[in-house]
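Hi everyone, thanks for making time this morning. I'd like to walk you through one model, going from the sheet out to the helices. Have a look at it first.

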Amino acid sequence: MKIQLNLDSLAVLLFCGDLVVDNTAPLSQDEWYNVERKLRSSSKKTPSKLFGMNKDTLIDILGIEEYIAYKMIARLTTLNDLLFALANLENEGIFITTKYEENYPKVLATTLKKRAPLYLYYVGNMSLTEHHMVSVVGPQELEKRLNTYTKNIVTKIYDEEKVLVANGTKGTDAYALKTFLNLGGQAVCFVSDHMFDKKKSFSKYIKDGRMLLLSAVDPFAYFNVTNALDRNIYVCGLSDVQIITATHINSGAVWFTTIQNFHYHWTKQMVLDDSRYGGNIRLLEMGAIKMNYDDILSLLTLDQIIEKNEVVKEVEEVLIDQMSIYEFLDE
């Protein structure tokens with residue numbers, strides 16, 4: 001099977017990717033951007049020029065730090081293994097794009113800048129990332145009353161022909177995704193583990209062209225807290241708007257990502273005006289856009305609700321609440 005990636009993409013996958021598992025260490029994202037800077041200021045310009053360079057060239061001509069050069073030379077020896085792994089992956093129906101490809105989601109690069117993943121594994125209709133996207137997040141424990149409002153929210157998203165962005169976790173996210181797909185909607189699901197298994201679970205919707213699975217980590221990876229937190233950032237980066245149905249202060253991943261979002265402004269945040277949830281009250285006090293139950297049931301579009309309820313305030317520095325990383329996700 002032909003691997004349809006340009007040489008710049010092959011370079012970033014070779015030096016930074018996680019497909020080849022051996023004793024060579026990949027470059028971190030920061031290290032890669034340092035290499036990119038060196039290339040731009042030299043006559044080489046693009047990552048594809050790195051192929052065939054020896055250690056002395058990397059250090060003396062490009063000015064790359066010695067320890068990074070050693071890592072890169074070690075990685076060069078794994079090129080054949082990388083090509084073999086890419087071919088096997090495509091045979092399984094899983095593809096890769098990188099920041100150097102035309103089909104890489106431009107909204108991620110624009111919104112997250114250097115925090116955007118260098119490469120993405122994907123299955124399904126990549127063109128869905130070109131539409132207006134909305135994510136709906138909330139508790140991992142379902143509540144009957146909250147489910148009713150979640151259903152009404154995703155119905156509004158469907159009626160407006162927007163794409164739902166999900167994160168592949170249980171609870172509110174899973175309920176919203178299932179409801180939305182049953183309505184006939186189109187969805188992007190950004191996962192942080194077990195992509196290969198989830199590909200099978202959603203095969204019908206993928207085949208219909210109504211779903212795209214994305215992952216920034218090995219499709220066979222197990223759950224990892226750091227990957228899951230990064231995944232939540234990527235969901236924000238894809239979303240024009242994120243709707244928070246319910247959260248409690250310091251309760252987990254939803255709360256933590258929302259607080260980060262106040263600082264970095266990845267996406268607009270709408271929060272359900274419900275006094276039963278302390279986190280909702282606090283987020284609204286901090287400047288999140290209010291969405292009440294009448295708004296959900298009204299004929300107003302999401303954009304009109306935002307225009308009606310958005311309060312323009314002076315920007316304040318938001319400090320991220322301190323909590324153990326293992327409390328962010330209850331998985």
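**The sheet and what packs on it**

Let's start with strand β7, residues 241-244, which pairs with β8 in the parallel sense over four bridges. Two strands count as paired here if DSSP finds at least two bridges between them. Helices (H or I, at least four residues) and strands (E, at least two) are DSSP runs, numbered from the N terminus.

Before I go on, the ground rules: this is a predicted model, where local features need pLDDT of at least 70 and side-chain atom pairs count only at pLDDT 80 or more, while totals for chains, interfaces and linings use all residues. Residues are numbered from 1 along each chain as its sequence is written, and side-chain values use heavy atoms, with hydrogens and water left out.

Back to that pair of strands. Val241 stands opposite Lys268 in β8. To get from β7 to β8, the chain passes through helix α12, residues 253-264, in a right-handed β-α-β crossover. Right-handed means that, with the strands pointing away from the viewer, the path from the first strand over the helix to the second runs clockwise.

Is β8 mostly covered or mostly open? Mostly covered: of the five residues in 268-272, four are buried. For burial, I use relative accessible area: buried is under 20%, exposed is over 50%, and partly exposed is in between, with a 1.4 Å probe and protein chains only.

On to the next neighbour. β8 and strand β9, residues 289-291, run parallel and are joined by three bridges. Leu272 has Met291 in β9 as its bridge partner. Here too there is a right-handed β-α-β unit, made of β8, helix α13 (residues 278-286) and β9. α13 lies across β7, β8 and β9 and runs at about 135° to β8. Angles in this talk run from 0 to 180 degrees between N-to-C directions, and axes are lines fitted to C-alpha atoms, for helices over the stretch in contact.

Now zoom out. How many strands form the open sheet? Nine, in the order β1-β2-β6-β5-β4-β3-β7-β8-β9, with mixed pairing. β1 (95-98) and β9 are the edge strands, each pairing on one side only. From one strand to the next, the twist averages 30°. Helix α1 packs on this sheet, touching β1 and β2 (119-124), and its direction makes about 100° with that of β1. Contact, by the way, means heavy atoms within 4.5 Å.

In the middle of that order, take a look at β5, residues 187-191, where five of five residues are buried. Both faces are covered: Ala187, Cys189 and Val191 sit on one side, and Val188 and Phe190 on the other. Strand β4 (residues 163-166) pairs with β5 in the parallel sense over three bridges, and Ala166 has Cys189 in β5 as its bridge partner. The chain goes from β4 through helix α8, residues 172-183, to β5, again as a right-handed β-α-β crossover. β5 also pairs with strand β6, residues 211-215, in the parallel sense over five bridges. There, Phe190 is partnered with Leu214 in β6.

**Helix against helix**

Two helix pairs are worth a look. The axes of α1 (residues 7-16) and α5 (residues 79-91) come within 10 Å and cross at roughly 110°. So α1 is roughly perpendicular to α5; the cut-offs are under 35 degrees for roughly parallel, over 145 for roughly antiparallel, 65 to 115 for roughly perpendicular, and oblique for the rest. The contact is a leucine affair: Leu10, Leu13 and Leu14 in α1 meet Leu79, Leu82, Leu83 and Leu86 in α5.

The second pair is α2 (residues 29-40) and α4 (residues 66-76), packed at about 100° with axes 12 Å apart. Here as well, α2 is roughly perpendicular to α4. Glu31, Asn34 and Val35 of α2 make the contact with Tyr67, Ile68, Lys71 and Met72 of α4.

**A few single residues**

Glu36 is in α2 and is buried at 9% relative accessibility. Leaving out residues up to four places away in sequence, Glu36 touches Lys99 and Tyr100. Asn23, in the loop between α1 and α2, is exposed at 77%.

Last, the cysteines. How many disulfides are there, taking a pair of cysteine sulfur atoms within 2.5 Å as the rule? Zero. Why does Cys236 have no bond? Because the closest cysteine sulfur, in Cys189, is 15 Å from its own, too far for a bond. Cys236 is also buried, at 0% relative accessibility.

How values were computed
Disulfide = S-S within 2.5 Å.
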